[in-house]
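Q: Could you take me through this model feature by feature, giving the general idea before each case?
A: Yes; let us begin with the structure itself.

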Amino acid sequence: MRIELASAPGSPERPNEDWVCGALPASGQGGVLVLLDGVTPPAGDDGCVHSVPWFTARLGGALVELSGSRPDLTLTEVLAEAISRTADAHRVTCELSHARTPQATVVLARWGAETVEHLVLSDSALLVEAYDGTVRAVLDDRLDRLPPGSLASNEIADATVRNKEGGFFTAAADPSVASRAVTGSTPVSGVRALAALSDGATRWTEIFGEGDWADALGLLRKAGPRGLIDRVRELESADAASGRVRLQRAKTHDDATALLVELG
């Protein structure tokens, strides 16, 4: 088994709000991957005295510990408990009901002797490669299905679709959102590799159209996670210089994180 990962901030002036970990148990059997993409809040009060990196580190650490130590819990239950633990760590000092309380997208996978379990919440991606080379992308596509105008402003998004029925969900302070995640399992005998990508890394496929998900996993295997991120940075810079600006986001460069696990 081999695990490779890389993460790069979108700007040297801002901390990287992504968080990533690949963990193997002391027994040598099974493993866990966690990738979080912290949601950058707009300027102004978000009701919390803590930073987004503080939140993703707390939540990520809880997800790794619970996924590895509590095989009796489903990944949905793991996420719910991790959110509860993280909320308890700052509910006395912070207004956790605020729409912009620190939050993150989640990719979580756990594998053992028989099964690979997965969970995806919001717009990061998990890629599952079979031994015949086919790649399945596990995606939570709620953002793509929002009514027109839902993201026209931060105020509209917060009032109508952020962590609301008919909108999209992120891991913040409410453990019940864990039930909204995309979950499933695959026999471990049918999985050659897993890859987790934050949306800053999925730009290679989703924004710039350099290849499909199988091509993205192939690039990860050939160039490594850092190579994929470097290629995204080149495309972002060329896009900004050309004036075409295919990016549908405010950031020219976003935090980008990629993790590759070779199981077979």
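A: We start from one residue: leaving aside its neighbours within four places in sequence, Arg142 is in contact, meaning heavy atoms within 4.5 Å, with Gly167, Phe168, Phe169 and Arg180. Residues are numbered from 1 along each chain as its sequence is written, and side-chain values use heavy atoms, with hydrogens and water left out. This is a predicted model, in which local features need pLDDT of at least 70 and side-chain atom pairs count only at pLDDT 80 or more, whereas totals for chains, interfaces and linings use all residues.

Q: Where does Arg142 lie, and which backbone oxygen lies 2.6 Å from a polar atom of its side chain?
A: Arg142 lies in the loop between β7 and α3 (154–160), where helices (H or I, at least four residues) and strands (E, at least two) are DSSP runs numbered from the N terminus. The backbone oxygen is that of Arg180, 2.6 Å from a polar atom of the Arg142 side chain.

Q: How should I read a sheet, and what is the strand order in the open sheet that contains β7?
A: Strands of a sheet pair through backbone hydrogen bonds, either parallel or antiparallel. Two strands are taken as paired if DSSP finds at least two bridges between them. Here an open sheet of 5 strands runs in the order β1-β10-β9-β6-β7, with antiparallel pairing. β1 (2–8) and β7 (135–138) stand at its edges, each with a single partner strand, so one side of each has no neighbour in the sheet. The twist averages 10° from one strand to the next. Within this sheet, β9 (residues 193–197) and β10 (residues 256–262) run antiparallel and are joined by 5 bridges, and Leu194 has Val261 as its bridge partner in β10.

Q: Which strands stand at the edges of the open sheet β2-β3-β4-β5-β8?
A: This sheet of 5 strands is also described as antiparallel in its pairing. Its edges are β2 (18–23) and β8 (182–187), each with a single partner strand, so one side of each is left without a neighbour in the sheet. The twist averages 5° from one strand to the next. β4 (residues 104–111) and β5 (residues 115–121) pair in the antiparallel sense over 6 bridges, and Trp111 has Val116 as its bridge partner in β5.

Q: How is the angle between two helices read, and at what angle do α1 and α2 cross?
A: Axes are lines fitted to C-alpha atoms, for helices over the stretch in contact, and angles run from 0 to 180 degrees between N-to-C directions. The axes of α1 (residues 52–69) and α2 (residues 75–88) come within 9 Å and cross at roughly 140°. The two helices are therefore oblique to each other, given that angles under 35 degrees count as roughly parallel, over 145 as roughly antiparallel, 65 to 115 as roughly perpendicular and the rest as oblique. Helix α1 also lies across β2, β3 (31–38) and β4, running at about 160° to β3.

Q: What is the crossing angle of α4 and α5?
A: The axes of α4 (residues 199–206) and α5 (residues 213–242) come within 9 Å and cross at roughly 105°, which makes α4 roughly perpendicular to α5. Among the residues making the contact are Trp204 of α4 and Trp213 of α5.

Definitions and conventions: A polar contact is a pair of N or O atoms within 3.5 Å; within protein, one must be able to donate a hydrogen and the other to accept it, and residues adjacent in sequence count only if both atoms are side-chain atoms.
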